[in-house]
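Reader: I am new to this structure and should like to understand the terms used to describe it. Please show how each description follows from its value.

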Amino acid sequence: CALRRGRGGEPIGAADRTVPESLGIVSGVALVCALILTQAISPETQTLTHEYAAAMLCIVFAVLLGFVDDFLDLEWKYKYVLPPLMSLPLLSAYDGGTRVVPPRFCRALLHESPRVA
C-alpha cells in the first residue's frame with residue numbers, strides 16, 4: 001500500500017530491495033502490546049499503574065508522531081513542538097523532586113542560591 005504510493009526507501013546494505021517508510025509502526029505496536037501485556041501480568045506494577053500508563057502513553061504518542069511524519073512529511077516547526085506535548089502525560093504523573101547538578105567545572109562560575117522547596 002505504502003510502496004504503491006511511492007512511500008518507500010532503500011535499507012542500507014540492500015541493493016535491490018525497497019521497504020515501506022512507515023514500517024516502524026509495526027515495531028511500535030509490538031512494543032506497546034508487550035507493555036500492555038507486561039502491565040496486566042506483573043503484580044509489582046499495581047502500585048505504579050498511573051505512572052506506567054503515562055509512560056506508555058508517551059511511547060504511543062512518539063510512535064504516532066513517527067507514523068504521521070512518514071506519511072505527511074511534517075515540517076520541522078511541528079517536530080519541535082510536538083515532543084514536549086508528548087511528554088505531558090509523564091510529567092503530570094511524576095510526583096518526585098527534581099535537582100539540577102551542573103558539571104564540576106561550571107560550579108565555580110555559578111554562585112550559591114537559596115533552595116526553593
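Reader: In what order do the elements of the chain run from the N terminus on?

Author: In this predicted model, the order is β-β-α-α-α-α-α. The chain holds 5 helices and 2 strands.

Reader: How many of the residues of the chain count as buried?

Author: Of its 117 residues, 14% do. The term requires a relative accessible area under 20%.

Reader: How do you know what helix H1 should span?

Author: Helix H1 covers residues 24-41, which is 18 residues, and at 1.5 Å a residue the expected span is therefore 26 Å. The C-alpha atoms at its ends lie 26 Å apart, so the two values agree.

Reader: What about H2, and what follows it?

Author: With 24 residues, H2 reaches 34 Å from its first C-alpha to its last, close to the expected 34 Å. After H2 comes Asp73, which has a positive phi, near 50°.

Reader: Which residues of H1 are buried, and why are they said to line one face of the helix?

Author: The buried residues of H1 are Gly28, Val32, Leu35 and Gln39. Viewed down the axis of H1, its buried residues fall within an arc of 60°, and therefore they line one face. As a general matter, an α-helix has 3.6 residues a turn, so residues three or four places apart point the same way. On the other side of H1, Val26, Ser27, Leu37, Ala40 and Ile41 are exposed; that word requires a relative accessible area over 50%.

Reader: What covers the buried residues of H1, and what covers those of H2?

Author: For H1, the cover includes helix H2, residues 49-72. In H2, Ala54, Met56, Cys58 and Leu65 are buried, and their cover includes H1, helix H3 (76-86) and helix H4 (88-93).

Reader: What makes H1 and H2 roughly antiparallel?

Author: H1 and H2 pack at an angle of about 170°, with their axes 10 Å apart. Angles over 145 degrees count as roughly antiparallel, and therefore H1 is roughly antiparallel to H2.

Reader: Which residues make the contact, and how many of them are nonpolar, polar or charged?

Author: From H1, the contact includes Ile25, Leu31, Ile36 and Thr38. From H2, Thr49, Tyr52, Ala53 and Phe67 are among the residues taking part. The residues of this contact between H1 and H2 divide into 12 nonpolar, 4 polar and no charged.

How values were computed: Residues numbered from 1 in each chain as written. Predicted model: local features only at pLDDT ≥ 70, side-chain atom pairs only at ≥ 80, totals over all residues. Heavy atoms only, no water. Helix = DSSP H or I, 4+ residues; strand = E, 2+ residues; numbered from the N terminus. Expected span 1.5 Å × (residues − 1). Buried < 20%, exposed > 50% of the residue type's maximum accessible area, 1.4 Å probe, protein only. Arc of directions from axis to C-beta. Contact = heavy atoms within 4.5 Å. Axes fitted to C-alpha atoms, helices over the stretch in contact; angles between N-to-C directions. Parallel < 35°, antiparallel > 145°, perpendicular 65-115°, else oblique. Nonpolar A, V, L, I, M, F, W, Y, C, P; charged D, E, K, R; others polar.
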